[in-house]
Amino acid sequence: MLEYKNVLSPIKIGALTLRNRIESAPSNTGNGTFEGFFTQESIGYFELKARGGASIVTIGESNVHTKTGVAHGRMPCLDNPDILPSLIRTTDAIHRHGALASIQLIHPGRRANKDYYNGTVYGPSSGEPLFAGPIVEMDEKVIEEVVNAFGDAAEMAKLGGCDMVMVHGAHGWLLHQFLSPLNNNRRDKFGGSLENRARISLMVIDNIRKKCGKDFPIEFRLSGSEYVEGGLTIDDMVEFAKIIDGKVDIIHVSSCTFHNPATNTHMFPSAFHEKGINVPLAEKIKKAVKTPVAVVGGINDPDLMEHIISSGKADIVSLGRPLLADPFLPKKLMERKAEDISPCLRCLVCLSGDFVPYIKYPIRSLKCSVNPIIGREQEATRKIQPERKKKVLIIGGGPAGMQAAITASDRGHQVILCEKSDSLGGAINLIENISFKSDLKKFKNVLIKRVLKRDIKVMLNTCVNNELIDYLNPDAVVAAMGAEPIKPNIEGIENKNVILATEIIKRSEEIGKKVIIIGGGLIGCEEALNLSSQGKKLTVIEMRPDVVIDGAYLYREALMINLAKHPVNIVTNTKCKKIVETGVLAIDKEGREVLFKGDTVIVAAGLKSKIQQVDSLRKYNMEFYNIGDSFKPRKVLDAIRSGYDIGTTL
């Protein structure tokens, strides 16, 4: 096991010393007040990251100038001095755990949304509206006003206890808009050459220095490439990095732009991307500058973090989602407990609520598939002891059952965990053959290790019935019995060429070269991508108008992009009528019969809870709970949360 001595080593940034090379990337909770002030819930969110050992905790997207642009509701508002009391409470909470407090400064420019302010929508150049408009080209007077607003916001942050600031010059916000030839077609001193397009960024940096002093570090976030034809390339950004070299204290490398939604899944890398996707960009920039370089983007593996630092590709790793999955990642590395880190699945559940375009009010409520306390960190600080210690029988060793056992055991209950198969893991065992699910398999193994390290009696190959319950005589029973596949009423579904999605691992050698999947939900389409990557020809038949409607929005985008790269034929508005030896006979949206030819038919029509089995175990005189897929088939997130919740309730 690595000692992680490089990623855990301190580094000098301006007048400050970071305790390690792990920065908490900028993020917010959506729990702020209508005015943009911090609440106890949002303070708890940032404090948890500091408790976990990050060197810098960065408060995300904070508005610098409400008069000329607001991107979305409840943004921290650094142009309002009334924010100071709640900001001070936030930075105090960060400081009490030895971390440094930072805050990200943004102006939305042409991405301003007039639902949240009254005023003009400005950009480097005029153009058609994005959310509202028209977009008005900033004149020099407005530019000067906005530049001063950045400096004033940094000064407000300093008054509020921040040790440094991050200037957001990436992802299609105002400073990036000026840099990008996609958005800037000016012919004055702010347009044309890279030096001119960089001018406003330099003015912002100088204004902050003037107002906050040389000992107040500035981190500048940039997109190492826009990955859009005609947009900024890594060569452009190396030159820009040279321009700001020595003028800022950290150059923070991300990528992409919101102005092309197709890059969203690269900006927030999914499980389909390589880990550390922006590291090559950071490495090129680091070779060209003397300023320390931070890199963000899909860095969820501690060994990769160590390699990035030890190989000199960057000086700091900036972690967003990995510190949602496990805020204590830095401390666990320091304590040599890397095997207990909950890995980020890169499933994008945490971010997707902000991006759904067809809902009026974005769901800015953070959740994490593997960490049940995210979004309710204040609750997690209360250690409520049970009224009395109980003997708890948990039926089912899937993620819900294991999490319930872990949480209940930690609260002092005597826990018996029964699993009918010969191994723990539940439904995760059924999909771990999929290459892009490797982090989910890792998480399963983390849960198993946590169960085995505790005083939990694990009984494998044990099918629980009423007689066993009577024999064990528990005080409480928790049913976490999972779900079973839905077998639609289709003629031929019992044919030998039919495989249920839950049987794929056991019957993988029977799968032919031409495969038809009945069901275009998340399970069906993920399996289609997996089998297609093995060289098989896939057809997915879905009776609804679209596929993967049960997937997190950004993850669905990424999955669909990857499916489009493979020979997968997706057919919607089509109902299966009969399964035959040569494939599936279906009725298309025009009412015509169509034969889809294939060697193997996989049925992925969804799951249903085992409610009859669960109800058969209920007794009038016993505390009884039903959780996870046993209650309602959903996702890992729901299984983990239900297990945690019942564990804290017993």
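Modeller: A residue counts as buried when its relative accessible area is under 20%. This model is predicted, and that cut-off is applied to its residues.

Biologist: What makes helix α18 largely enclosed by the rest of the structure?

Modeller: Helix α18 covers residues 522-532, and ten of its eleven residues are buried, so the rest of the structure largely encloses it.

Biologist: Which residues of α18 are buried?

Modeller: Among them are Leu-522, Gly-524, Cys-525 and the acidic pair Glu-526 and Glu-527. Ala-528, Leu-529, Asn-530, Leu-531 and Ser-532 are buried too.

Biologist: What do the buried residues of α18 pack against?

Modeller: They pack against three strands in the list β19 (514-518), β21 (568-571) and β25 (600-603), and also against β20 and α19. Here packing means contact, with heavy atoms within 4.5 Å.

Biologist: Why is strand β4 called largely enclosed?

Modeller: Eight of the eight residues in 56-63 are buried, so β4 is largely enclosed by the rest of the structure.

Biologist: How do you know that β4 pairs with β3?

Modeller: Pairing needs at least two bridges. β3 (residues 22-27) and β4 have three, in the parallel sense, so they pass. Ser-27 stands opposite Ile-59 in β4.

Biologist: How many bridges join β4 to β5?

Modeller: Six, again parallel, with β5 spanning residues 100-106. Val-57 has Ala-101 in β5 as its bridge partner.

Biologist: Which helices complete β-α-β units with β4?

Modeller: Helix α1 (residues 40-51) does so between β3 and β4. Helix α2 (residues 84-95) does so between β4 and β5. The unit with α1 is right-handed, and so is the unit with α2.

Biologist: What makes β13 mostly covered?

Modeller: Four of the five residues of β13 (residues 391-395) are buried.

Biologist: Which strands pair with β13?

Modeller: β14 (residues 414-418) pairs with β13 in the parallel sense over five bridges. The chain crosses from β13 through α15 (residues 399-410) to β14, and this crossover is right-handed. β16 (residues 476-479) also runs parallel to β13, joined by four bridges. Set against the minimum of two bridges, β14 and β16 both qualify, because five and four are over it. Ile-395 stands opposite Cys-418 in β14 and opposite Ala-479 in β16.

Biologist: Why is the contact of Lys-337 with Glu-335 called a salt bridge?

Modeller: The rule asks for a Lys or Arg side-chain nitrogen within 4 Å of a carboxyl oxygen of Asp or Glu. Here N to O is 3.7 Å, so the pair meets the rule. Lys-337 is partly exposed at 38%, and Glu-335 is partly exposed at 43%.

Biologist: What about Arg-634 and Asp-638?

Modeller: Their closest N and O atoms are 3.9 Å apart, so they pass the 4 Å limit. Arg-634 is partly exposed at 40%.

Biologist: Which parts does the salt bridge of Asp-546 and Arg-556 tie together?

Modeller: The side chains meet at 2.9 Å, N to O. Asp-546 lies in the loop between β20 (537-541) and α19 (553-563), and Arg-556 lies in α19, so the pair ties together parts ten residues apart in sequence. Asp-546 is partly exposed at 35%.

Biologist: How many salt bridges does this rule give?

Modeller: The count is 34. Lys-275, Arg-346, Asp-439 and Lys-442 are linked in a network of them.

Biologist: How do you know that Arg-321 has no salt bridge?

Modeller: Its nearest side chain of opposite charge is Asp-439, 9.1 Å away. The limit is 4 Å, so Arg-321 fails the rule. Arg-321 is nevertheless buried. It sits in the loop between β12 (316-319) and α11 (322-325).

Biologist: What does the side chain of Arg-321 reach?

Modeller: The backbone oxygen of Pro-269, at 2.8 Å. That is within 3.5 Å, so it counts as a polar contact. Beyond its sequence neighbours within four places, Arg-321 is in contact with residues including Phe-268, Cys-344 and Leu-351.

Biologist: What makes the phi of Arg-74 and Arg-336 worth a look?

Modeller: Most residues other than glycine have a negative phi. Arg-74 has a positive phi of about 65°, and Arg-336 has one of about 55°. Arg-74 is in the loop between β4 and α2. Arg-336 is in the loop between α12 (329-334) and α13 (349-352).

Biologist: Why is Arg-336 called exposed and Arg-74 partly exposed?

Modeller: Exposed means over 50%. Arg-336 is at 56%, so it counts as exposed. Arg-74 is at 43%, so it is partly exposed.

How values were computed:
Residues are numbered from 1 along each chain as its sequence is written. This is a predicted model: local features need pLDDT of at least 70, side-chain atom pairs count only at pLDDT 80 or more; totals for chains, interfaces and linings use all residues. Side-chain values use heavy atoms; hydrogens and water are left out. Buried means under 20% relative accessible area, exposed over 50%, partly exposed in between (1.4 Å probe, protein chains only). A polar contact is a pair of N or O atoms within 3.5 Å; within protein, one must be able to donate a hydrogen and the other to accept it, and residues adjacent in sequence count only if both atoms are side-chain atoms. A crossover is right-handed if, with the strands pointing away from the viewer, the path from the first strand over the helix to the second runs clockwise.
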